[in-house]
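Biologist: Please take a close look at a single part of this model, the ligand site. Which residues surround the ligand, and how much of its area does the protein cover?

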Amino acid sequence: MKKQISRRRFGRALGTAMGATALCSPPAVSAPGATAADYYRFPDGFVWGCATAAYQVEGAVAEDGRRPSIWDTFAHTPGKVQNGDNGDVASDSYHRYKQDVQLLKSLGVQAYRFSIAWPRVIPEGTGRVNEKAIAYYERLLDELAAARIEPYATLFHWDLPQALEDRFGGWQSPDTSKAFAAYAEVVAKRFSDRVRYFFTTNEFSCFTDDGYATGEKAPGKRLPPAGVNQVRHHAVLAHGLAVQALRASARAGTQVGIAENATLCVPAIESPEHVRAAQKAMRDINAPFLTAVLEGKYLDSYLSSAGRDAPRYTAAEMSAIGSPLDFVGINAYAPTYICAADSPSGYIQPARPSSAPRMASSWLYIGPEIAYWAPRHLAEIWKVKDIYITENGCSSDDQLTADGKIYDTDRIMYLRNHLVHAHRAVAEGWPLRGYFLWSLMDNFEWSDGYGKRFGIHYVDFRTQRRIPKLSAAYYREVIARRMAV
Ligand code: GBH
């Protein structure tokens, strides 16, 4: 007879073996009456949400005192964004936020991750606070409160006030980091009575490397390596100073974290040697950003490989950068597979086979194991106690059918597989507390303009009509049943 092991006992054994901290206690698969489906249930209290960002959804770029950000300038520069698209109107959420909160409500989410536009709140980057912007976010927060949806606010999702680019060269100067801390203080004072969860910055590499090295994103500069490393340093410094500002000025109990697109290292094979290699790679590859934030230092391997181009910094700056966080958010999209190797670093990142599957964006390779390894690495390497997947989702070649529907079965495939791996993390006791789907609706996809759709609601950009895709129905079902399969 086949030996049966209860789910709970299996989980406990695994937890002990892997050093996991806490275990949820799902019903035993083998218990009488239990179905295979019980195995896949997420615990009560797991936070389900959707995410968006200001410049991608709000539109209304010249309304109520908002001043341009570097993305307005960049998008209006010919040749920078696909089809000459820009965020002037975007998904018009600035005007349609009530309707968008209803979309969230009908999904049954407990949380909404949105970003606050710095160029609305402090139009010139420093100094005068724009009361009309405060009033807008208060209206949004009122609406969320009425729908019993918890706000998770990001302070910076790439929309740097143009004035700071003009005055300081943007992230090339530590003055921008200081300006960010002053903005964080304003946000803390004005919003922490209703917002309990704040993210400082979203995805360092996208507004440093992509903005100042490749120039593919705003402000579209191409600096030599020393300049780029200094920009990176000012970005992590901005995060650290903002953490301190939030701690100093926000209501007690405020939870402060970050949303970071760390390179997610997946062991190609789950054996101890490859797992060790992936852990090593995870620290090394993320050295300028996540590792610096979680360890308060730059790894020697990063500094020595940068050599004379290494960033210049002080000890006081490093201790600000390493300010303790209440939680860490990871934006999880694509995998980086790692193998153990007889090399100085102990690992290699093998070339990606040309047959590797991807979604509609050329960079969006599929590797659902990231939803397991992101939380496990954070807990195992850095002992992070509260972890969120702050973005996960995909572009799909959505087609509107004659009857006005979008059957995005490929997006459902992408989501389901990531959620099954997220569930594995939770079941083993890794402290993954919640999941935010990117995105609530189609929006301005940065350099790809409106050509790449990530929403689970289709947006007809001529009429601004929102149409739930099949994936919205899927996500509603996931949340209702707390089960991804
Ligand atoms: C996130 O970025 C953003 O937070 C969000 O605003 C965005 O809409 C969403 O994901 C979907 O893109 O050099 O060609 O390999 C995703 C971050 C985008 C970072 C692609 C790496 C690599 C481009 N990634 N990028 S490429």
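Modeller: Here is the ligand site, contact by contact. This is a predicted model: local features need pLDDT of at least 70, side-chain atom pairs count only at pLDDT 80 or more, and totals for chains, interfaces and linings use all residues. Residues are numbered from 1 along each chain as its sequence is written, and side-chain values use heavy atoms, with hydrogens and water left out.

Start with the space. The ligand occupies the largest pocket. A pocket is an open set of points on a 1 Å grid over the protein atoms alone, where a 1.4 Å probe fits, with protein on both sides within 12 Å along at least five of seven lines. A molecule sits in one if more than half of its atoms lie within 2 Å of its grid points.

Now the surroundings. The ligand has 15 residues around it, each with a heavy atom within 4 Å. The closest are Gln56, His157, Glu203, Glu445 and Trp446.

Next, the polar contacts, pairs of N or O atoms within 3.5 Å. Trp446 places a polar side-chain atom 2.8 Å from a ligand oxygen atom. For Glu391, a polar side-chain atom lies 2.9 Å from an oxygen atom of the ligand. Trp438 has a side-chain N or O atom 3.2 Å from a ligand oxygen atom. On its own, the ligand has 580 Å² of accessible area, and the protein covers 74% of that. Accessible areas come from the Shrake-Rupley method with a 1.4 Å probe.

Conventions: A polar contact is a pair of N or O atoms within 3.5 Å; within protein, one must be able to donate a hydrogen and the other to accept it, and residues adjacent in sequence count only if both atoms are side-chain atoms. On a 1 Å grid over the protein atoms alone, a cavity is a set of points where a 1.4 Å probe fits but cannot get out, and a pocket is an open set with protein on both sides within 12 Å along at least five of seven lines; lining residues have an atom within 4 Å of a point.
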